[in-house]
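Work through the following exercises with the sequence and the structure open beside you. Try each task before reading the solution beneath it.

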There are 2 protein chains.
Amino acid sequence: MNVLKDILSERGIRPTFQRLTVLAAVSENRSHVTIRELHAALVKKIPTLSKTTLYNTLELFSAKGLVRSLSIDPGEARYDGVVAPHHHFYCSVCGRIIDIEISCPTGRAGEIHGHRIDEVHGYFKGVCRDCLARPGQTSVPPGKHIPAQRRRISHA
Amino acid sequence: MNVLKDILSERGIRPTFQRLTVLAAVSENRSHVTIRELHAALVKKIPTLSKTTLYNTLELFSAKGLVRSLSIDPGEARYDGVVAPHHHFYCSVCGRIIDIEISCPTGRAGEIHGHRIDEVHGYFKGVCRDCLARPGQTSVPPGKHIPAQRRRISHA
DNA sequence: TTCATGTTTGTAATCATTACAAAATAGTTT
DNA sequence: AAACTATTTTGTAATGATTACAAACATGAA
Ligand SMILES: [Mn+2]
Ligand SMILES: [Mn+2]
Ligand SMILES: [Zn+2]
Ligand SMILES: [Zn+2]
């Protein structure tokens, strides 16, 4: 686990226990977590962990290029431990975000029409393979914001 | 202005004064408005207009394919009257969203890895041409949510 | 230890969005 | 037209993610 400590130190971030735990959680599992999910998961390891710390930490990591913040799910930010450019698929039924391994040739130019490009965000919205296979599922009407707490669907 | 009325009628939407006004506002000006901006602008024409009506109307329009909802600006949805597929540039300094006229070949397939694609969302984040030219402007750190009310920067 | 600086935490405030029900409107039937 | 019904609009309250803030805590140097 000294690798994580080095990653933080290299970027001038003091490697506290909280930060190391957050970095481990975000980079190890390949999902795209929300603050809420992260908090629920990490409180088991750090009972006193506050959401404010998670907001602070993830903003710091985001600024230092350790994670990427995704505003795909309306109303709730998700964080990606994979900073290499890739796209996403957002399922409007189950709310999952799935990695799509394609990259954008336009974005690589770093500039378009005189605007400086810092980040490239691409995602597809639709119904994922699993949800297509599981019929009878009421699809969430597009644009409808459903509080994430209520959107959870177990994907066996 | 009977064109707008027809557009609504064709899709089974009763063409009320509020809806016609909203449709006119969203489709005529090429910007990507928020509910807040729309409300501020339209209250002049309809003094009793409520935000709830705007939420309802835009969700309805979005479901019927008359507008597209963009979750680019974190914390505030924006609505696009142009439904033809195109990309966007989001300036992290002034918060503007600029149309980028490229389209995604992958998205046109309508399907990827078995997932059904309903919408394609692509945008670049960075600093726009105007903000690059105007130095001394403190750039908003990425991931930092700034209430839109306070983000307004006049672009001469 | 003392001091200074950076970090974490809890709590309160903010603000976009959703829920809900009453009031207003429009269309239909008598 | 009046009565009735379904739809739309509106105001207000609730929800929930995010931000602001200051006190408590930890760390490291003097
Ligand atoms: Mn990803
Ligand atoms: Mn557009
Ligand atoms: Zn799904
Ligand atoms: Zn700009």
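**Exercise 1. State how many helices and strands chain A has, and give their order.**

Solution. In this predicted model, chain A holds seven helices and seven strands. Read from the N terminus, the elements of chain A follow the order α-α-β-α-α-β-β-β-β-α-β-β-α-α. Turning from the elements to the residues, 43% of the 156 residues of chain A count as buried. As a last step, consider the contacts in chain A with a separation of 6 or more: residues 24 or more positions apart account for 52% of them.

**Exercise 2. Describe how domain 1 and domain 2 of chain A meet.**

Solution. Begin with the bounds, which come from a domain assignment: domain 1 of chain A covers 1-81 and domain 2 covers 85-156. Next take the contacts, in which 14 residues of domain 1 of chain A touch 15 residues of domain 2. The two domains of chain A bury about 1200 Å² between them, and 53% of this area is on carbon and sulfur atoms. On the side of domain 1, A:Arg36, A:Arg68 and A:Ile72 together supply 42% of the area buried against domain 2, more than any other three residues. Finally, the count of salt bridges between domain 1 and domain 2 of chain A is one. A salt bridge joins the side chains of A:Arg68 and A:Glu119, with a distance of 3.6 Å from N to O.

**Exercise 3. Which protein atoms hold the zinc ion (ligand 3), and what is the geometry of the site?**

Solution. The donors are the SG atoms of A:Cys91, A:Cys94, A:Cys128 and A:Cys131, which lie 2.3 to 2.4 Å from the zinc ion (ligand 3). The angles among these four donor atoms run from 103 to 119°, and the site is tetrahedral. Along the sequence, the donor residues of this zinc ion are spaced C-x2-C-x33-C-x2-C. Within that pattern, A:Cys94, in the loop between β4 (87-91) and β5 (97-100), and A:Cys128, in the loop between β7 (115-127) and α6 (129-133), link distant parts of chain A, being 34 residues apart. To judge their exposure, apply the cut-off of under 20% relative accessible area for a buried residue: A:Cys94, at 8% relative accessibility, counts as buried, and A:Cys128, at 0%, also counts as buried.

**Exercise 4. Explain why the arrangement around the zinc ion (ligand 4) counts as tetrahedral.**

Solution. First list the donors: B:Cys91, B:Cys94, B:Cys128 and B:Cys131 coordinate the zinc ion (ligand 4) through their SG atoms at 2.3 to 2.4 Å. Because four donors count as tetrahedral if all angles lie between 85 and 135 degrees, the angles of 103 to 120° around the zinc ion (ligand 4) make its arrangement tetrahedral. The spacing of these donors along the chain is C-x2-C-x33-C-x2-C. One pair of them, B:Cys91 in strand β4 (residues 87-91) and B:Cys131 in helix α6 (residues 129-133), links distant parts of chain B that are 40 residues apart. B:Cys91 is buried at 0% relative accessibility, and B:Cys131 is buried with a relative accessible area of 6%.

**Exercise 5. Identify the protein donors of the manganese ion (ligand 1) and say how they are spread along the chain.**

Solution. The NE2 atoms of A:His32, A:His86 and A:His88 and the OD atoms of A:Asp80 and A:Asp99 are the protein donors, lying 2.0 to 2.3 Å from the manganese ion (ligand 1). Their spacing along the chain is H-x47-D-x5-H-x1-H-x10-D. The pair of A:His32, in the loop between α2 (17-28) and β1 (33-34), and A:Asp99, in strand β5, links parts of chain A that are 67 residues apart. A:His32 is buried, with a relative accessible area of 4%, and A:Asp99 is buried as well, with a value of 19%.

**Exercise 6. Characterise the interface of chain B and chain A.**

Solution. Start with the residues in contact, of which chain B and chain A each provide 33. The area buried between the two chains is about 3100 Å², with carbon and sulfur atoms giving 60% of it. B:His115, B:Tyr123 and B:Phe124 supply 19% of the area that chain B buries against chain A, more than any other three residues. Lastly, zero salt bridges are found across the interface of chain B and chain A.

Terms used: Residues numbered from 1 in each chain as written. Chains lettered and ligands numbered in written order. Predicted model: local features only at pLDDT ≥ 70, side-chain atom pairs only at ≥ 80, totals over all residues. Heavy atoms only, no water. Donors = N, O, S within 2.8 Å, 3.2 Å for Na, K, Ca; no water. Tetrahedral: all angles 85-135°; square planar, octahedral: opposite > 155°, others 65-115°. Helix = DSSP H or I, 4+ residues; strand = E, 2+ residues; numbered from the N terminus. Buried < 20%, exposed > 50% of the residue type's maximum accessible area, 1.4 Å probe, protein only. Contact = heavy atoms within 4.5 Å. Buried area = accessible area lost by both parts, 1.4 Å probe. Salt bridge = Lys/Arg side-chain N within 4 Å of Asp/Glu carboxyl O.
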